[in-house]
Amino acid sequence: MDNLVGVTLCVLLSVAGAGAGELAESGTVVGVPLRGEQAVDFLTHAEVVGEPESFDQAAITGPVRVTLTDGSRTLRAVFKHEDTRYPEFRFSDGREVQQARDSYRHEIAAYELDRLLGLDIVPPCVERKIGSKTGSLCFWVEGSMTEAERREKGLQPSDPKRYKGQLREIELFQQLIADLDYSDLRNLVVDESLRIHKVDSSMAFDADPDLLTGLYSSRLSRRLIRALETLDKKELNELFKPWLHKDQRGSLWERRNRILKRAKQLIADYGEERTLY
């Protein structure tokens, strides 16, 4: 995502109350420009203009940024068509994983799950054919930097507690989707309102139902736990048939159960107020 060129800590603090996708004073879009069905419709039908451009030389999947217009709005999105299985994969933190799958379908599944849970942390994403390739097309988060860049710059949010809560909720979501690339902070982007977005979930939805120990926390998002409690197994299975294999869908449900079991145990040990926020 774009670096916030010339942004200082003072500026970041001053926009902390703004909403993602709002218009800045300059008239440019910041954050995610559209939500819900409006977003899905735009990504599905808007015309691609100009040439796709590379933006992340470190990305092994070769995502490109494209410009879309519906005649009245011109917005940007990320297109990825990777769908590869690796017998063994080594992540940037040194972890080695057997039988990993890097797929654009996981990007769409992550958005659909985020939407089902009512979290609004994953940018809208659809399946679309561009040129001869079919892949995922997900909104670009405008006016943003990665969480890695924020930390490198030493920029601090005006409300550290709220910011930490966002990070914990995303980590719990990553736990749910078994995001094997969870340690890469480039997959979290921060817009000008200090709202954190989870991007690049192509290495998620591992078929292993075990929870990722690297994402354990004793403080859990109350709204995410409550949303997990309301999920219906049959509905979940049907919704994700186009994007996840049967074993992936089964593991997703099992991780949901394990997260709820762990939450119940933490509440029993420490109380609800010290566990859920």
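1. A quick term before we start: a cavity here is a set of grid points where a 1.4 Å probe fits but cannot get out. With that in hand, the count comes to one cavity of 30 Å³ or more. Do keep in mind that you're looking at a predicted model.

2. Let's stay with the largest cavity, which holds about 120 Å³ of space. Helix H5 (160-177) and helix H8 (246-270) each give at least two residues to its lining, and H5 brings the largest share, with four residues. The lining splits into six nonpolar, two polar and four charged residues. If you want some places to click, the lining includes Arg 168, Glu 171, Leu 215, Tyr 216, Ile 259 and Arg 262.

3. Next, have a look at the second largest pocket, with about 190 Å³ of space. Its lining has 13 residues, and those nearest the centre are Arg 95, Val 97, Leu 180, Asp 208 and Leu 212. By type, the lining of this pocket divides into six nonpolar, two polar and five charged residues.

4. On to the cysteines. Searching the whole structure turns up one disulfide. Cys 125 and Cys 138 are the partners, with their sulfur atoms 2.0 Å apart. Cys 125 sits in strand S6 (residues 125-130) and Cys 138 in strand S7 (residues 133-139), so the pair ties together parts that are 13 residues apart in sequence. Both ends are tucked away: Cys 125 is buried at 1% relative accessibility, and Cys 138 is buried at 13%.

5. Now the strands. S1 and strand S2 (residues 64-69) pair in the antiparallel sense over five bridges; one of the partnerships is Glu 47 with Thr 69 in S2. Is strand S1 largely buried or in the open? Strand S1 (residues 47-54) lies largely in the open, because zero of its eight residues are buried, that is, under 20% relative accessible area.

6. There's also an open sheet of three strands, in the order S8-S9-S10, with antiparallel pairing. Strand S8 (145-146) and strand S10 (196-198) are at the edges with a single partner strand each, so one side of each has no neighbour in the sheet. Strand S9 (residues 188-190) is joined to S10 by three bridges, and Leu 188 has Lys 198 in S10 as its bridge partner.

7. Charges deserve a point of their own. Side chains of opposite charge can pair when their charged atoms come close. In the whole structure, the search finds 24 salt bridges. Take Glu 37 and Arg 115, whose closest N and O atoms are 2.4 Å apart. Glu 37 is in helix H2 (residues 36-45) and Arg 115 in helix H3 (residues 104-117), so this pair ties together parts that are 78 residues apart in sequence. Glu 37 counts as exposed at 55% relative accessibility, while Arg 115 is partly exposed at 31%.

8. Another salt bridge joins Arg 101 and Asp 83, with 3.0 Å between the closest N and O atoms. This one links strand S5 (residues 96-103), home of Arg 101, to strand S4 (residues 83-90), home of Asp 83, 18 residues apart. Arg 101 is buried, with a relative accessible area of 13%, whereas Asp 83 is partly exposed at 35%.

9. Last, Asp 184 and Arg 186 meet in a salt bridge at 3.2 Å, N to O. Elsewhere, salt bridges with shared partners join Arg 222, Arg 226, Glu 229, Glu 272 and Glu 273 into one network.

Definitions and conventions: Residues are numbered from 1 along each chain as its sequence is written. This is a predicted model: local features need pLDDT of at least 70, side-chain atom pairs count only at pLDDT 80 or more; totals for chains, interfaces and linings use all residues. Side-chain values use heavy atoms; hydrogens and water are left out. On a 1 Å grid over the protein atoms alone, a cavity is a set of points where a 1.4 Å probe fits but cannot get out, and a pocket is an open set with protein on both sides within 12 Å along at least five of seven lines; lining residues have an atom within 4 Å of a point. Grid points are joined across faces, edges and corners, and a volume is the space filled by probe spheres set on the points. Ala, Val, Leu, Ile, Met, Phe, Trp, Tyr, Cys and Pro count as nonpolar, Asp, Glu, Lys and Arg as charged, and the others, Gly among them, as polar. A disulfide is a pair of cysteine sulfur atoms within 2.5 Å. Buried means under 20% relative accessible area, exposed over 50%, partly exposed in between (1.4 Å probe, protein chains only). Two strands pair if DSSP finds at least two bridges between them. A salt bridge is a side-chain nitrogen of Lys or Arg within 4 Å of a carboxyl oxygen of Asp or Glu.
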